[in-house]
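I opened a fresh notebook page for this one. Below is what I looked up, entry by entry.

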Amino acid sequence: MVKKIIFIGILGSILWADGGKLNSYERNCIPCHRYQPASLEKLFMEYLKTYSGELSLKGALKEFLKNPTEAESLMNDKFIENFSVKDRTKLSDEELDKALDIYWNLYDVRKKLK
Amino acid sequence: MLVSKNKGTNLLRSSEKSSLLRFLALYFILVTMILLLLGVFYYESQEKLMFSNQRTVLSNYANKQVKALKHLHNDFSHHNIYPRSTKFRSAIYDIEGKKIFSTIKHPEVIFDKEIYRIGDSLQFVKYLDDYYLGAKYLFIEVDEDMTWYKETMSNILAFGTLTLIVLIIFGFFFVRIFLRPMRNSIMLLDDFIKDTTHELNTPISAILANIEMMDTSIMAEKNQKKLARINIAAKTVSHLYQDLTYLTLSHNRESKDEWIDMKRLIQDRVEYFAILAGAKKITFELDLKDSAIFIDSIKIARVLDNLISNAIKYNRRRGKIFIVLRKNYLHVQDTGIGIASEKVSDVFERYTRFNSSEGGFGIGLNIVKSIIDEYDLQISVESVLDVGTTIRIDFLRGTLDG
């Protein structure tokens, strides 16, 4: 019994420790988008096509996350009809910036083009 | 010493020649500047034409590249090879001016110029409406075809040179037309002198010969003075006649050079002019050493006569004339009115006179200079206003120890 308690305790602490290593992007973005038809990469390319530069893209995306509206959304009408516009983010500016930096670095085309 | 004739009758005075040269130089500079300006305009128009042609070609390349970028953008999760072409190089930049990807040779792109030359290449920029791969600016680069440049430059050089030559020929004729009235007046004067000279010889010779033959010992003193005045007047006219004859006729005769004893010649000419000098109470002071020069006797006589004649003419009453002869030089100095320093350089100009109250045509020193130049001698003039004038001749060549 004692062994079981110790095992569960160790497993729990490992899982808790793994959970603690998730970054802001992984914690706050991936969980919801995982179940949506438009992947985060597709969304990134859509934002890139619309806003071009790093600062413009991050600025526009941050503004949208803080104050999402149908007019500002880049998703098509069908998507909004099915999933509606997302809720306003509860993340702090600092947290949002970190998530956006990670998002940008993950899909930045400069690093991928050959 | 044989001396070639290089002093044909040239009606244009040196000042007129310099005016002609200055006008031609100014005309040449102006015409060259205008042609250069036209060349620049032509070059720029050809360059614009080339850019216009290239813009169409590069625009087509850009459109193809946009299509390729669009395809790559939409399929980026499966395919990430940047589209390349053998016909051109390209680069994409985002809205913030940061490079996304580039295959161009010259990375110093210009965002606000549609087409431009950079190094040996041409670059064309297209602004994208949809920022595929984040690209706001698409640069297309090709190596510049320099055929147009070579053709343009050879056209400019060929037509420019041809036009310049034609315009210079026109300019030369224009100048001749402008100077014709001046030339005509000088020709008229020269013709008049030439015609008059022919008519002077016989009466002057007759007057001088008869004066020489007169027995003055039996004349009354009053008549002797009158005869002396006639002699002076006749010699003055004779001197003028000699100058005019030299000027109008002697150029047609060949020089007969021989060794001339300068000391003896000077003494002879001083004696000839003694009566003229005596009329103004002018005295000669001679300091003569032996010297000889290989020259035409008539020409050296014209030189001496004119120097002495001027020294008498422009001297003050009771003045002096110093004549110094050495092996290599001769100088004649008077105590006369002198010449203003700014006019000294004009003394050898034909028809230049410094005192209108004195007679003459102002041709004496012009004759002296022409003879001096013909024999490669050196002449220099020093003059101080109201003090006197010194003329020095250096015998650099053709001298013999006396």
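I began with a working rule: two strands count as a pair if DSSP finds at least two bridges between them. I also noted that this is a predicted model.

**Entry 1: a hairpin in chain B**

I applied the rule to E11(B) and E12(B), which pair in the antiparallel sense over seven bridges. I looked for a residue facing its partner and found B:Gln378 opposite B:Asp394 in E12(B). The two strands form a hairpin with three residues between them. Where does B:Asp386 lie? I traced B:Asp386 to the loop between strand E11 (378-384) and strand E12 (388-394) of chain B. Its phi caught my eye, for B:Asp386 has a positive phi of about 70 degrees although it is not a glycine. Is B:Asp386 buried or exposed? I found 9 C-beta neighbours inside 10 Å, so B:Asp386 counts as exposed; the cut-off for exposed is 12 or fewer.

**Entry 2: the five-stranded sheet**

Next I looked up an open sheet in chain B, and I wrote down its order as E2-E1-E5-E4-E3, with antiparallel pairing. Which strands stand at the edges? They are strand E2 (99-102) and strand E3 (115-118) of chain B. Each of these has a single partner strand, so one side of each is left without a neighbour in the sheet. I noted that the twist averages 20 degrees from one strand to the next. A reminder to myself: strands of a sheet pair through backbone hydrogen bonds, either parallel or antiparallel.

I then picked one pair within this sheet. Strand E4 (residues 121-127) and strand E5 (residues 137-143) of chain B pair in the antiparallel sense over seven bridges. The bridge partner of B:Ser121 in E5(B) is B:Asp143.

**Entry 3: helix H2 of chain B**

I wanted to check the length of helix H2 (residues 147-213) of chain B, which has 67 residues. At 1.5 Å a residue, the helix should span 99 Å. Its end C-alpha atoms are 93 Å apart, which agrees. Where does H2(B) bend? I found a bend of about 50 degrees at B:Arg180, and a proline, B:Pro181, follows within four residues. I also looked at how well H2(B) is covered, and the answer is hardly: the count of buried residues among its 67 residues is zero.

**Entry 4: chain A on its own**

I turned to chain A and listed eight helices and zero strands. Buried residues make up 13% of the 114 residues in chain A. I looked at contacts in chain A with a separation of 6 or more, and residues 24 or more positions apart account for 60% of them.

One loop residue went into my notes as well. A:Ser84 lies between helix H6 (77-83) and helix H7 (93-107) of chain A. A:Ser84 has a positive phi of about 55 degrees, although it is not a glycine. With 11 C-beta neighbours inside 10 Å, A:Ser84 counts as exposed.

**Entry 5: where the chains touch**

How many residues does each chain bring to the contact? I noted 15 residues from chain A and 18 residues from chain B. On the side of chain A that touches chain B, helix H4 (40-51), helix H5 (54-66) and helix H8 (109-112) each supply at least two residues. H4(A) gives the most, with five residues. By class, I recorded five nonpolar, four polar and six charged residues on this side of chain A.

How values were computed
Residues numbered from 1 in each chain as written. Chains lettered and ligands numbered in written order. Predicted model: local features only at pLDDT ≥ 70, side-chain atom pairs only at ≥ 80, totals over all residues. Contact = placed C-beta atoms within 7 Å. Nonpolar A, V, L, I, M, F, W, Y, C, P; charged D, E, K, R; others polar. Buried ≥ 20, exposed ≤ 12 C-beta atoms within 10 Å, placed from the backbone. Expected span 1.5 Å × (residues − 1). Bend = angle between axes of the 7 residues up to and from the residue. Axes fitted to C-alpha atoms, helices over the stretch in contact; angles between N-to-C directions.
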